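Dear colleague,

I am passing on the structure we talked about, and below it you will find my notes on the fold and its core. Please read them with the structure open.

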Amino acid sequence: MKVYWSNLFVYRTNFFLQTIGPLFVFLFIKLSLWTSIYLSSQKSIIGGYTLEEMLAYHLWIMVASMIILTSSSQNLSEDIRLGKISSYLIYPFSFWEFHASNFAARQTVQVFIALLTVFILLILLPTYFSNISFLFFIQGLILSLMAGFFWFSLNYIIGLMAFWLEETWTLTVLTQVVTYFCSGAIIPLELYPLWLKEALFYTPFPYLGFVPVRTFMGESLLFWQSVLVLLGWILLINLISKLIWKKGIHLYTAAGM
Amino acid sequence: MIKNIRHYFSIYQSFIVTCFAESMNFRMHFLLLIIMDLFFYVSALASVYILYEHVPLIGSWNREQFLFFISIMLAVNQLTMTFVSESFWQFPLLIRTGNLDFILLKPANAIFSTFFRYVRPGSMVNVIFTWSATIYFGIQLDLNWFSWMILPFLVFMGFFLQNSIELVISCSMFWMLEGTGINFLRIELQQLSRWPDFIYQSFVRRILTLILPILLIGSAPARFLFDFNDIYPLLGMGLAIIFFWIILKFTWAAGLKAYESASS
């Protein structure tokens with residue numbers, strides 16, 4: 001974890017441009033878009049949201065994304081493609097443990113940034129957070145951390161695809177595009193057609209944005225149900241990743257050997 | 001002049017042939033690239049479609065106008081993804097490893113050899129989708145013959161403006177230890193330009209129109225096609241392209257002075 005932190009802070013500009021910057025730009029676009037929509041339509045409520053609630057929703061989406069959508073499969077697939085995983089066979093820790101500790105190191109920084117962001121937003125924009133309570137905040141944080149671990153596991157599987165594919169970044173971007181659309185990161189799921197909204201709840205996507213955000217905003221009825229659903233998805237995806245690892249490692253040929 | 005154009009055309013032909021040969025070796029990647037772009041295009045159009053299920057207008061635009069604008073931006077994006085995107089991602093690597101030396105030694109313009117070296121054949125296929133969408137929404141808007149005639153030209157102008165700005169920004173990589181982050185900055189600017197100028201507050205709109213004119217990429221062509229009297233943004237677009245190419249000449253030269261070859 002210490003090694004990861006030192007790497008992260010050496011390339012501070014990159015870290016900001018790659019991780020934090022996009023979230024702020026994305027937030028800025030959504031705040032501008034929704035303000036424009038409410039002003040031009042002259043409606044006070046759209047999809048059950050007032051303008052303040054809609055802006056609060058997107059502020060919470062940014063905070064949740066800081067915790068959830070952090071890991072990437074890039075380093076992982078590079079390790080496989082460039083034959084670096086041979087080293088893990090003699091290290092006193094496994095390939096998964098190494099990348100999980102990197103994820104934990106990254107997650108610690110991201111949670112700190114998310115908490116700092118909430119603190120600043122509470123001071124600057126208190127009206128958007130009138131519903132906030134300590135219980136809802138902790139529940140939202142727990143769901144976000146679980147969703148973050150699910151996202152890491154999903155990216156771990158994408159990284160493992162490097163056993164079969166030359167490049168995996170297309171899969172990473174594809175997953176991000178689908179997740180942004182299906183998690184309610186652009187538009188709250190209440191505004192989606194009912195059939196689509198219901199279908200999405202059979203997938204893990206709403207738990208990567210919409211559900212933690214609604215919990216942050218005070219809809220705690222979803223909490224225990226969401227914890228169970230996320231646990232199920234985490235177990236399933238980790239089971240799949242174990243199977244893929246077993247299959248992949250049989251195919252592996254170390255570069256230069 | 002013509003001899004020069006022929007020379008560069010033959011070089012570019014070789015680049016394309018190499019990229020096609022390479023992508024045919026990695027067929028799954030080729031296929032995934034098509035699917036990835038398609039998902040992005042569909043999600044962009046679907047998001048706007050869903051929004052208009054709840055409101056009749058955004059700004060002064062109706063659903064068809066907004067979707068037409070998004071289609072123009074997707075057509076610009078498709079050109080970028082096909083012809084320059086990969087080279088932008090390779091550029092920081094060329095600087096870090098010192099492989100830029102080999103490009104500088106070649107008897108061809110270095111900017112051309114750096115930023116037009118890679119073509120993504122997978123993204124090329126998606127021209128069918130982006131132009132089908134643009135034509136479909138253009139028909140819905142009942143565009144006249146003149147609009148249809150200049151539409152491809154306007155899309156190419158958007159492509160040129162976007163990449164002129166991004167080339168200038170990318171030169172900052174010469175002064176950085178690791179320049180990959182600049183590519184994320186490029187993508188963030190693309191995100192900002194992918195929405196019409198009227199959604200932004202006056203101050204931001206002015207900055208992103210007059211100083212860093214990314215909002216002209218899609219808004220200027222769309223506004224002109226909706227109202228031929230709204231020509232000033234389009235003229236500004238032309239001027240901005242010339243301005244950024246002049247700036248590029250200087251920033252590239254200054255960047256090369258700052259460049260320390262890693263391999264020597």
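Helices (H or I, at least four residues) and strands (E, at least two) are taken here as DSSP runs, numbered from the N terminus. On that basis chain B has 13 helices and zero strands. Its radius of gyration, taken over C-alpha atoms, is 19 Å, close to the 18 Å that the globule rule (2.2 Å times the number of residues to the power 0.38) gives for 264 residues, so chain B is as compact as a globular protein of that length.

This is a predicted model, in which local features need pLDDT of at least 70 and side-chain atom pairs count only at pLDDT 80 or more, while totals for chains, interfaces and linings use all residues. Residues are numbered from 1 along each chain as its sequence is written, chains are lettered from A and ligands numbered from 1 in the order in which they are written, and side-chain values use heavy atoms, with hydrogens and water left out.

Buried residues (under 20% relative accessible area, 1.4 Å probe, protein chains only) make up 52% of chain B. Of the contacts in chain B (heavy atoms within 4.5 Å) with a separation of 6 or more, 78% join residues 24 or more positions apart.

The largest nonpolar core (buried Ala, Val, Leu, Ile, Met, Phe, Trp, Tyr and Cys residues joined through side-chain atoms within 4.5 Å) has 159 residues, and A:Trp34 and A:Trp60 have the most contacts inside it. Helix H3 of chain A, residues 51-68, gives the most to this core, with 13 residues. Leaving aside residues up to four places away in sequence, A:Trp34 touches several residues, including A:His58, A:Pro188 and B:Leu51.

Best regards

Key:
Buried < 20%, exposed > 50% of the residue type's maximum accessible area, 1.4 Å probe, protein only.
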